[in-house]
Every structure is written in structure tokens, then in C-alpha cells.
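Open your viewer, load the model and keep the selection tool at hand. We will go from stop to stop, and at each one you will hear what to select and what is there.

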Amino acid sequence: MKRGILSGLMIFMGTIVLSAINIAVDIAPASDIGENIIPNSGFELRDGDAPSSWRFNPGKANASFSLITDAHSGGTAVFISNSAPYGPNIFGQIILAKNISLEPGQQYTLSLYLKSANPGNAWAGGCNGWNMRMTLPKTGANWQRVIKTFIAGPNDRDCPIMINTDSPTEGIIIDSVKLEKGPHATTFFDKDSFGGKCAVTLDVPGRLSAVSNEARVSAYLYVPADNTPFTVSLLDENNNVLRSAEKKASSGMNRVAMTLSITDDTPGNNRYRISVAAGGIRKEASFELFSPAQYLALIRRSSLAVEELKSVIDVSDKKGVQAPFARAARAIAGRFLKIAEIKYNAGLIPEAADDVRYIEATCRRESDAQKAVLAGSARAITIPDPALATVTIRNGNFYAGNEPVMLIGGMGYGELLAELDVYRDYGFNILGDDFNSYSALRMMTNDGVCDESVFPRFKASWDKLTGQNVAIAYNPTLHYFPFWAMQKYPDITGGDVVDVLPDWSGLGRHRTKRHKIYGGFFPFAIDSPNLRTLVSDYYRKLAPALCDHPSMHVVWLMNEPTYKSKDTNYVRQFCESLANKYGTIDRLNTVWNTNIAAFEKITPPPSRSPGYSDWLSFHQDQVASWFEWLAAEFKKNCPKALLSNKPMAWTLLSPENGIDFEREALLWDIPGCDAGRKPLTENEFSFGWTEPIMLFDFQRSVAPGKPLADHEYHYIHEPDVSSEYVRATYFHSYFHGLRMSQFWVWSKGDIGIDKGGAGMQHTAWSQPKVTWGTATAALDIRRLAKYVAAFPGTPEVFFYFSKPSLYLNHDAYVKTLTSAYRAGIALDAPVGFITDRMIKNGDLKKCRLLVVAGATHAEKEIIDAVQQYIASGGKAVFIGDCLTQDNYGRQITSPGGSIKRIADGKPRELAATFDTLFTQADIARPVRVLTAKGDAAAWPVESRTAVVGGKRIVYIVGLNATATDIRLSAETPFSGWEDLITGERGTGTPFTVKPMDVKLLRLE
């Protein structure tokens, strides 16, 4: 079958008949099975309740482990579950009891068999620094082999091997682990599993590509005696034997090679089973066979659907009728038919076939929908498209005139640049302008000298985007640094000599070179005077070009920053700050409980010690001051600039990384971030949402009048993700105050390759379902902007955000706070956070219910304020031991009075208590989402209520992991509702909320 099928394609329908298929069987001694370095690799040998040669380590995740009989090979496999939330250094693992010695420079392949409906964030690997990892994917109810090839590094002579679970999962089953030399995974056969009797292992993937009309699969057969007969059978999905062959095997291990040949190139049936039987042992494997002929037939059908869709759009254009969803479908088809061909040419025919089927179904559905609009039987959908150059900011939203505007788009490089002409057809109206090399500090070629040749390209790019009415999110990045400056000014790297700039690719290409990294995308010391001169010169050259451009643009100043330093000058500044604070070393020693001779003798204090509070306070202040300096320098050259930044959402609760999110929110015109979501269940929730939503609620609490931005919207790093999940993440984020986003990444990524740059496998733009979910979410959120803009609302429930507890009791505080926040998120009312600064400003008066969740430490002034709040009638709930120590760990009297005190627990348990407390505190919940019986909150279904145009608007997001029947209950009765997203109408009677459902109801 000739490849490159998109060129010269004939458009016709193939007749569907049963293809003729043959099977040829060859047998030979098994010489191609690589030696397995892993001991007890099938977990058949036991030491009590654990497998020999392995050990279970529940870690901080408190994961559970057991040996079970649902095995891939032999009779035993390992089951792992985990209920702990995702967080730094929170994991459970099964790890080899003794490390393995690998040969540096030698290529190895690690493989295992996995079964899990939702493994969460799980991986297998290890080696030096645990840097060799392969992600464990969802497999449903089937076993799937996961494989990674790598080269052992110089420090891998003592290599740990492990399977880790880093986030909640109801369970993963692991079996048949293999580590072998070479670039390929050979068949797993565990000598411990068959004890000298006949044994069969089938190496048959569940979905098989018949490249050039042939597919090859293998079985490995162990028999104890020569001339042992065995049978190979090919069956159809109805258990009819299509072909059968009888052979004899020699004693020992044999490789049975089976070649499936399609003798008729007409598309036909593709579901089969292979059976191999010997000595009373039978093994079977079901599979789908995808042939070039079948794929070609799908291409023909899809191409017909695309042509029909184009015709419908042409008619709509002539009649002046908008067709936004049809245009998005056409754009997706144009892109993904090409990507399907790339997958096909890489031998990934099943994946390519899935994409083409999806394209055909999408095009036909949108053709029919637009035909109904043209016929007058359906309402035309219009998407507001105001001139973005006129956008202003107020009340936490972007506005064009008096109409709210939501900004949604992508970011990328060459592929995005090539698709700019159809970018708007996807429904997007903002773009992360990272595809031009001008956005880097390296354009400074010497002291005060700038490569100004980039400016014409800069202007041409922005002129085009402005002409398309696309807003711009732009990063004049600092981490692509001029190396000449590092060589000339050693203070830029703390006095250390460097050979190269850091490698940001994720490929570790500079492991053997001297370089200096202070954190994420920080190759320089923020206290370097020469650095600041260089950045000042850069902004002075660049900012006026930005300022003069009429586009709507936002400038975010650093990429994914985290910062750590123990450079001599940094520590000296810390000592000076302590001298200014304490005056005498004796006073410091009293507070720190130390015996330090002089301020200049101080070194960074150990983690969680009293002095650690001063160190992290200094550290966060230094990093915040750096960003404040950056903002001032930029605005000095462009006063009207809209500034933002891009710290990672997960660092909200990781102060050692230097980011003070409160000062960030107060500083920037548009508080920004880089946040990740996961299409995996998270405890009792349908997908992983906690980190971004917690940050958005925090930012809106601190700076309620500002719109929020996610400048690198992460939502996909896994294959086969649904459009429903994608839409849920977008609506959920925008309901919590997000107003601008650019997804990662507009690239097909590394198709069929088990290595590549960071985040370049299973990308968003390699999956048409994800693209469709993103495009339709963008269109719907833009269309419904005035309703989305009414959320999240003003909170009356506040969670105390305790920096001292983060500093001195980090892990316990994060666990309790996160669990409590998850419990409170889905009780029909907005929730927020209250910080020490806010409490000192008197913001406790805004609080109807204060939640202190595991916050053991606080300044005395804060504890006194909380005590006064309670004494004056304020309602509070304390979870666990709270406010018992000051910010240096000294015991202090905890507030007393009318406080509800409860033990820490899982979110569902806490939610039931919170629901009662919300009612007792008279928290406004004008519309409740209750169970079908109406007697309890339908937690974790999330809802909020707002009023728009005099009508009550209720959103519902299916955070629930299983389908839930709900009933709407309102303080003021209503007769019915209309879903503004779908147009569906109903009454208040029960209806079902499926996982990841999104509804936006207008009550009548």
C-alpha cells in the first residue's frame, strides 16, 4: 500500500466486506529474549506479604500495597493505591531493595505491564536523581505494556529502580517488570512463574498495524520435552476459527512467529483473537487489526465530509450567516488529516484511524447543525468580536465598551506561525507570541548595544495579529541570556565560572558542563549589579517599541520563575537584614534558640527551625523586590504597559521557591501564572483541578478587581483525552476568575518517539478531540462572556493562609489546608483566602465564616485579631491543632470562645460538616444543588449563582467522579431553566450531572 495517501487521493466509498486473512506460523529457538536484570520481576517469590527483592515505601503519601492474583504472567501482581493529594515529595513507591549497577553509556530498555483505569500521576524508572521516568497511562480494564529506552549516565553504576505513585489513584496493577540491554523491549518470560511445566506468553498488542497489509506478532512457548505439539488459531470476534495451524516445539524456550496477511485490500472486519495451546495450557489475546485499506477508506469518507462542510460554510458566507463551530471543524480537519498521515507513516495506523473517524464525525455533525441554521430550524450562533485594541480593565474583567471580553488562545512556535491565517477559525482571540526570536535578552550584543534589526520583524508580526483582531501575550524573556555578559561579569552567576547557559529543553544536554541555575528559568543572581544594568538597557531599547503599538497586548516578564540562592553575597544580605531587625546577636539567639557568635557567622538556618522563618521571609522579600524592580523598570520606559508574570501555580504552597503570590497579585496589572490540570481522577473528583483553582481563588481574594491570566495553560500530557474534559477545565477556570489564557502547546509534538523536549509528547495539538474541546470552549466562553464575567462572586467564607505554618509546619499544613479547601469548593458558595496582610488591614470584618485548617503557627498580632473576631461574634472553625505557636515556633495561647473544632479528614467527610457550618453562618446560597432526594448537598458537584440582566444564573461543573442525580433548590422559586450553553430547557425536577458536565442555567 503506497503511503503519502493525501496527495492524489481518490474520493469514493469503499465497499465494506470481510477481508481475506491468512496466518503463517514459524517456530525457532528463542534467541531474541533479552536477559532481564530485575530480580523477581514477576513478583512470584514472596517474603511474607511482600515480594522478595522489593520493598514497599508508603512515603508521605501513605500509599497502600498488596499482592494480588490478577496477574499478567504467573499468578501474582502488585496492587498500589494512593489517596494523598499531589504535592512536592509526596509519593508512595515499590522499589528494588538493592540498586542495580548499569554500564555508563550503555542503552537499556525498561518495560512493565500495567492495568489501571486511572493511575493518577504515576511513573516507573529511577536511576541517578530519579531522572529516568516513564509515565504510566490509563489502560482501562486491559493490560498494556509501557516501554522506555534510555542511556545510562556516568552516575548510574548504583541505580535505584522503582514504581511511584505521586497523586491520588484508586489503584494501579503492576506486573512483568523487565530491564534489559538494547534499544527494544523483548518478550517478558519469568522463569519463576511456570516451574518446569508448559508455559505460553503472547506478545500481541491490543491494536495492531498491518503495514503493507502484513502484521507480525509473537508467542513464546516453553515446553519440557522435544516434539511437544501445540496449536495456533485465529478466530473472529464471534469465536469462529478462521485459520488454524498445528506445529511441534523443541524442549526449552521457543519463539512462535505469526504473520497475518491480508489477501484482499478491501476494508473489512478488524477484530480478532489469537489462541496458542500446548500441554493443556491455552493463552488467548484479542486485538484489532488496522490495515492500510481500512485507513484509506476512512480517509475517503472523511474527505467527503470535509468537502460537504466547506460547501455549507460557503453558502453561509454568501448569506451573511455566522458559522463559528463549522469553521472550527473545518480548521481542525485541515490540520489533523495531515497529522493523521504523519501518524500513519510512523506505523501508528490505529491512532491515525481514530483521528480520521473523529474528523469525519465532527464534520458531518457540524454540517448538519449549520444546515439547520440555514433552513431556519435552528438559531444562528454569533460570537461577539469587539475591537480588542479598545479593551479596558475594571471589576476583574476585560471590557470592550460595556461588554465583557474573554481572551482564549494558544502559544507555540513554527507550526503556529504557519497556521496564523486560520488561527481565528478555531475560535481564538489571543496568542502567545513566542514564535519570534526577538523576545529574548540575548538581543543585547554588548553593554548598551541592542540588535535592533529585530524591531521591523516585531512590528510586522504585531501588525498582522492586530489586523486579525488578535490580542497578544508577550514575554521579553530574560532566561535566553547573552553569554558574553556572564563571561564579562562574574557577579551575574555569584562569582562562579560557567561554560554554557543552562539547557531549558528538558533533555539534559548540558549535564557535563559548568552552568549556574538559581531555579526555574533563572540563570542569574538577582542581586547582581551588572545584571540589573543589562536588564535596564534591554528594557530601555525594547519597551518603547511595545508602547507605541496599537494592539491589545499584555507583557509577562518571566517564565516559570523559582529562585534559590546561597551565594556569599545573598547570605551576607540576609545577615545584614537580621542585624537591622534584631539589633543585637543576643536578641536573635533568644528568638532562634541558638548560640551564634555574631551576625556575620550566620548561615541559612535548617528547615523548620525558628530561624527558617526569618530566612524564608527574607528570601520571598528579595524575590518579590526583584519583580517589583522589573515592573518599575519596564513601566519607566512604557508607563501604559499591562504587566503580568508567569510563576507556576504549584509553588503557591512552596515558599522555599521564593514566589510571594500575595505581592505578585498586588503588583501586576493582570496577575498571571502557569498552571496544570490533569485528565485523571483526583480523590473523589473527575479530574485534577486543585492547583489552578486554589491559586485563582487566592489571587481574586487578594486582588479582587483584577482579571487573571494563565500564560501557559497546561491540560494535556496524556494520550486519548476527551473533549468533555477539556471543556470542563476551561469553564471551571474561567468561572473562578481566569480571563486570559494561552494553552501549551500548538505543536504535534514527538509522534511515535519515546524522547523529546519537555512537554512534547501527547501534546494538545496532536489530538483532534482536545483541539475540538478547546475550540468549542473558546467559542462558548466568548459567546457567553457577560454571564461568565459575573463569577466567581464575592466570598463570605475565607480560609486562613498562614505563611508561618508554611514555613515551620509545611507538610501537615498543606495537607490539611488542601483537604479543607477541596471540601469547601463545592457547597454552592464562593470561597476565598485571607492573609496576614488582609487581617492586619481589618478584612476579617468581611468574613462570615473563618476556616483555620491546620494553621499551627501565626504572629501574635494575627492570633489576637482572630480572638477579637471570635469574641465579637465571628464564626470560625478550627481543623486540627491551630494557632498554638507564634511565627518562631514558641508556644502561645490559642484563641478560645465559640469556635467549632473538628479533626482533619478527607474532603467528603469535611464537606458534610462545612455544609452545616455554612448554613449556621448564614452564607448566601440563593440556589442549592442537592441530591435527588433534596436532603443533602450533591457534593462534589460545584455550583455558584449570580444575577445577570435581572435573571439568576447558575453554573454547574461536574467535579463528581461518578454520575450524580441532583435537584435544584432556590430561596425564590423558579418554574424552569434554560442551559445557555446547549439551549436545553427543563424544570427543577431531578436531572443527572455526569463527570465533567458543564451547565450554565438561566432560571425562569
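Begin by selecting helix 2 (residues 324–345) and helix 14 (residues 768–783) in this predicted model. Show the side chains of Pro324, Phe325, Ala328, Ala329, Ile332 and Phe336 in helix 2; they meet Pro768, Thr771, Trp772, Ala775, Thr776, Leu779 and Asp780 in helix 14. If you colour this contact by residue type, you will find 10 nonpolar residues, two polar and one charged.

Now turn to the helix axes. Those of helix 2 and helix 14 come within 10 Å and cross at roughly 155 degrees. Angles over 145 degrees count as roughly antiparallel, and helix 2 and helix 14 are therefore roughly antiparallel to each other. The crossing of helix 2 with helix 14 is right-handed.

**Next stop: a second partner for helix 2**

Keep helix 2 selected and add helix 3 (residues 349–375). How closely do the axes of helix 2 and helix 3 come, and at what angle do they cross? They come within 9 Å and cross at roughly 165 degrees. Helix 2 and helix 3 are therefore roughly antiparallel to each other. Here helix 2 passes helix 3 in a left-handed crossing, whereas its crossing with helix 14 is right-handed.

To see the contact itself, select Phe325, Ala326, Ala329, Ala333, Phe336, Leu337, Ala340, Lys343 and Tyr344 in helix 2. On the helix 3 side, they meet Ile349, Glu351, Ala352, Asp355, Val356, Ile359, Thr362, Cys363 and Glu366. The residues of this contact of helix 2 with helix 3 divide into 13 nonpolar, one polar and four charged. Look again at Phe325, Ala329 and Phe336: they are among the helix 2 residues that meet helix 3, and they are also among those that meet helix 14.

**Next stop: an open sheet**

Switch to a cartoon view and find the open sheet of eight strands, ordered 31-30-29-26-25-34-33-32. The pairing in this sheet is parallel. In general, strands of a sheet pair through backbone hydrogen bonds, either parallel or antiparallel.

Which strands stand at the edges? They are strand 31 (643–646) and strand 32 (672–673). Each has a single partner strand, so one side of each is left without a neighbour in the sheet.

Zoom in on strand 31 and strand 30 (residues 553–559), which run parallel and are joined by three bridges. Select Trp556, and you will see Ser644 of strand 31 opposite. Then add helix 5 (residues 454–467), which packs on the sheet and touches strand 26 (430–432), strand 29 (471–474) and strand 30. The direction of helix 5 makes about 140 degrees with that of strand 29.

**Next stop: strand 35 and its neighbours**

Select strand 35 (residues 797–800). Are its side chains buried or exposed? Val797 and Phe799 on one side, and Phe798 and Tyr800 on the other, are all buried, and both faces of the strand are covered.

Now add the pairing strands. Strand 36 (residues 831–834) pairs with strand 35 in the parallel sense over four bridges, and Val797 stands opposite Val831 there. Strand 37 (residues 849–853) also runs parallel to strand 35, joined by three bridges, and here Phe799 stands opposite Val851.

**Next stop: backbone details**

Step back to the loop between helix 15 (785–788) and strand 35, where you will find Pro792. The peptide bond from Phe791 to Pro792 is cis, with omega near 15 degrees. Another cis peptide bond joins Trp744 and Val745, with omega of about 5 degrees; Val745 is found in strand 34 (residues 738–746).

Next, select Cys127 in the loop between strand 9 (122–126) and strand 10 (132–135). Cys127 is not a glycine, yet has a positive phi of about 65 degrees. Cys127 is buried, with a relative accessible area of 4%. Met996, in the loop between strand 46 (991–993) and strand 47 (998–1003), has a positive phi as well, near 70 degrees.

**Last stop: the surroundings of Tyr113**

Finish at Tyr113 in strand 8 (residues 107–115). Tyr113 counts as buried, at 9% relative accessibility. Leaving out residues up to four places away in sequence, Tyr113 touches His72, Trp143, Gln144, Arg145, Ile173, Ile174, Asp175, Ser176, Phe188 and Asp203.

Terms used: Residues are numbered from 1 along each chain as its sequence is written. This is a predicted model: local features need pLDDT of at least 70, side-chain atom pairs count only at pLDDT 80 or more; totals for chains, interfaces and linings use all residues. Side-chain values use heavy atoms; hydrogens and water are left out. Axes are lines fitted to C-alpha atoms, for helices over the stretch in contact, and angles run from 0 to 180 degrees between N-to-C directions. Angles under 35 degrees count as roughly parallel, over 145 as roughly antiparallel, 65 to 115 as roughly perpendicular and the rest as oblique. A crossing is left-handed if the near helix is turned anticlockwise from the far one by less than a right angle, and right-handed if clockwise. Contact means heavy atoms within 4.5 Å. Ala, Val, Leu, Ile, Met, Phe, Trp, Tyr, Cys and Pro count as nonpolar, Asp, Glu, Lys and Arg as charged, and the others, Gly among them, as polar. Two strands pair if DSSP finds at least two bridges between them. Buried means under 20% relative accessible area, exposed over 50%, partly exposed in between (1.4 Å probe, protein chains only).
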